[in-house]
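I opened my notebook to write down what I looked up in this structure. The entries go from the whole chain to single rings.

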Amino acid sequence: MVGYRLMHYTYIVVIIILQSTMLKLSQAQQVDSLPNVLGVSEILDPTKSWVMDHVQDLAIDRNARQHPLDIPGWIRKNLNLDMVQIGDLDMQIVKTMEFDDWVVHNIVFQSQRGVYVPANLYVPKGKGPFPAVINSHGHWPGAKKGQIVQQTAQLLARNGYVCLNMDAWGAGERGSNHTHEYHGASLGSSLLDAGIPLMGMQLIDNQRGIDLLQSLPYVDPNRIGATGASGGGNQTWWLTALDERIKAAVPVVSVGTFESYIMNSNCVCELHPSGLVSMEKADIMASIAPRAVKIITALQDGNAAFNVQEMLKTYDKAKKRYNAMECSDHFVYELFDEKHDYTVEMQRRMLDWFNQYLKEGATDSTDVPFYPLDEKVLTVGVSPELKNKITTTVSYVSAREKRMQEALSEANTINPDAKIRELKNLLLNYQELAVQHVEKLPMQSGYERVILTSTDRRLIPLLMKDDPIGQKTLHVVFPSKGVASIAVDSVVRWCANGGGVVMVDLFGLGERSSKQGDDIDGRLPRFHTLSRSLLWMGESMMATWASEIGLVLTFLKERFPDREIRVVADRETAIAGLIYSVLDQYHAPFLLTDMPVSYVPDYETNRDESGVNMAVHIPGIIPWGDITGLVGLSPAEVTIENVTGMSGRRVGKSDMMEFAKKMEQIRAKLGNTSKIHFNTEQQL
């Protein structure tokens, strides 16, 4: 009987414990699951809708423009092409291979001063001078040595053309560790931070390729063409528009509209910052008239930016310019029932076009067999000396940052007002936002929910939790991974001792994520699609975030005039917070965690998936002053924990202390007396 009672009581105790545990779990889940504020279905994708509305606004403004653009001048100025130093070509033939009716030279030549390009130069045997073609590769395996690119070059050489195949910047032997990799994403975007976007670096190389061809005694300098497919096709028509020395061009699977690039898949090598502010692709193509252009488009192309309907929009508008100049036959297109490719038949049609416009007399193409060469025999950097000569993206950007640091250290004083004006210009379309409407939603799970509508129709959600007793400090949190990523213990800590917390999803984060943008990004760094789209529109994620941070802080200061506001941000939002504090000279305390120490990439390959996302990129931020300049100019009391590199990896303690030393030196030259703290205990 006693045993029965004991078992009965034990059973009751277990039930009570289980019920208590389930209640605690339920309460924890309620706390863990922070309430939504906007509640908009991700299917509607309001972030994408906001972007596309602004695209249409830009189109209206462009159509109202009275005077035509000087396209070559606009390209040079907008891409900062004149900021580089050009040296001698200094061409070196590394190796020569002879075949029946053509030879191929493995060469290096100097593009910018100190920047050497590896290339294969295909030369027909016989008496010149020959016409020549720059053959730009797309995002194909092998870069200049890929089968498609080899095949095109051999076809041209055997039909009497000199053909230059270069590794595009960051691809092929110009990749990290001199091995082929994808040249875009964050690594390619670091060139934008250094002052010239990847597109501009490629154009400089391609123009120097024309210089090289014209310097060769067996090339007719007045008969030079350009071709390429996909990304190589983009290089082709940009180069043709920029440089009148290209007399005929065949861009393949690469012509659509700039508007179709927005919120769709593209590489940053196809990004022209602020491009949509002043022009469309039709303007570029029309500017080439009366020179000869043949567009080749694949009917089955799955890329929204290059499909046949987008191509026809551009073709019809640009054709009017050719018609007006009475050279309609110089601008044509041809459709192929193919996928995104540069097939043999496409190559033959390319050759026919060049025979018509680059040969002194029209000739028929000679159909020749293709003999693929082993990629090893086409490798230029065969020795350590040659490899060291070939500049990679990391080495180039690092050199730019080193020159900037030297200039800052040599300056006796730095004018803070001038630096702030320069920063605002770098941010492109930075503007201070105002609140147009405030909507208070019903409280949920103890949280106050507020929606701020800005004057440019942004909906900014605020999730607020406040301690009614004390009311001392208000922590305003801008999490880099969205409000839903915030840990429960962090909320409890912020609300302790009479504090409160306001959590904000900035543009593209959390509830404001773009499903389409995230889906297109795939395995690429987050915001590859959204950030690139904004840059096309003359805006940037950092400017967008900084303006929203300003709007939120201004609203909260007006609502809670007696509270001490403390800004909490991490990783990418930490940089945006710093930017706002500099532009507005905002003095509230900042706690910044996992903040990058520099925009210079610190990874060895372009495959680091844990690195800082692509929201951070700002044209020219490195020569302006990098993170050093932002921290140096901020009047806020800044506490920094866990300094990292662009890879997301923590910086070693000694390097972090060196960074702190630089900060103090710059702040002294700026006359900045605000406090800055580095939590060295967190830096392992």
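How far apart are the mean positions of the positive and negative charges of the protein chain? I looked this up and found 2 Å, for 67 positive and 80 negative charges. I note here that the model is predicted.

**Entry: the whole chain**

I looked up the helices and strands and found 22 helices and 18 strands in the protein chain. I then took the extent of the C-alpha trace, which spans about 105 × 65 × 65 Å along its principal axes.

I wanted to know whether the radius of gyration fits a compact globule. For 684 residues, such a globule would have a radius of gyration near 26 Å, and the protein chain has 29 Å, which agrees.

**Entry: inside and surface**

I looked up burial next. Of the 684 residues, 58% count as buried. The protein chain exposes about 28400 Å², and I noted that carbon and sulfur atoms supply 51% of this area.

I also looked up contacts between residues at least 6 apart in sequence. Of these contacts, 77% join residues at least 24 apart.

**Entry: aromatic rings**

How many aromatic pairs are there? I found that the count comes to 20 aromatic pairs. I looked up two of them.

One is the pair of Tyr261 and Phe306, which is edge-to-face, with 6.3 Å centre to centre and 90 degrees between the planes. This pair links distant parts of the chain, 45 residues apart. I found Tyr261 in the loop between strand E7 (246–252) and helix H8 (275–278). Phe306 is in the loop between strand E8 (292–298) and helix H10 (308–324). Both Tyr261 and Phe306 are buried.

Phe527 and Trp545 also form an edge-to-face pair, with 6.0 Å centre to centre and 80 degrees between the planes. This pair, too, links distant parts of the chain, 18 residues apart. Phe527 lies in the loop between helix H16 (515–521) and helix H17 (528–536), while Trp545 is in helix H18 (residues 541–559).

Why does Phe527 count as buried? I wrote down that its relative accessible area is 2%, and buried means under 20%. Trp545 has 0% relative accessibility, so Trp545 counts as buried.

**Entry: a ring cluster**

Which residues do ring pairs link into a cluster? I listed Trp237, Trp238, Phe258, Tyr261, Phe306 and Trp536. The cluster therefore includes Tyr261 and Phe306, the edge-to-face pair I had looked up above.

Definitions and conventions:
Residues are numbered from 1 along each chain as its sequence is written. This is a predicted model: local features need pLDDT of at least 70, side-chain atom pairs count only at pLDDT 80 or more; totals for chains, interfaces and linings use all residues. Side-chain values use heavy atoms; hydrogens and water are left out. Helices (H or I, at least four residues) and strands (E, at least two) are DSSP runs, numbered from the N terminus. The radius of gyration is taken over C-alpha atoms; the globule rule is 2.2 Å times the number of residues to the power 0.38. Buried means under 20% relative accessible area, exposed over 50%, partly exposed in between (1.4 Å probe, protein chains only). Contact means heavy atoms within 4.5 Å. Accessible areas come from the Shrake-Rupley method with a 1.4 Å probe; for residues, only the protein chains shown count as cover. Lys and Arg count as positive and Asp and Glu as negative; His and the chain ends are not counted. The place of a charge is taken as NZ of Lys, CZ of Arg, CG of Asp or CD of Glu. Rings of Phe, Tyr and Trp (its six-membered ring) pair if their centres lie within 6.5 Å; planes under 30 degrees apart count as stacked, over 60 as edge-to-face and the rest as tilted.
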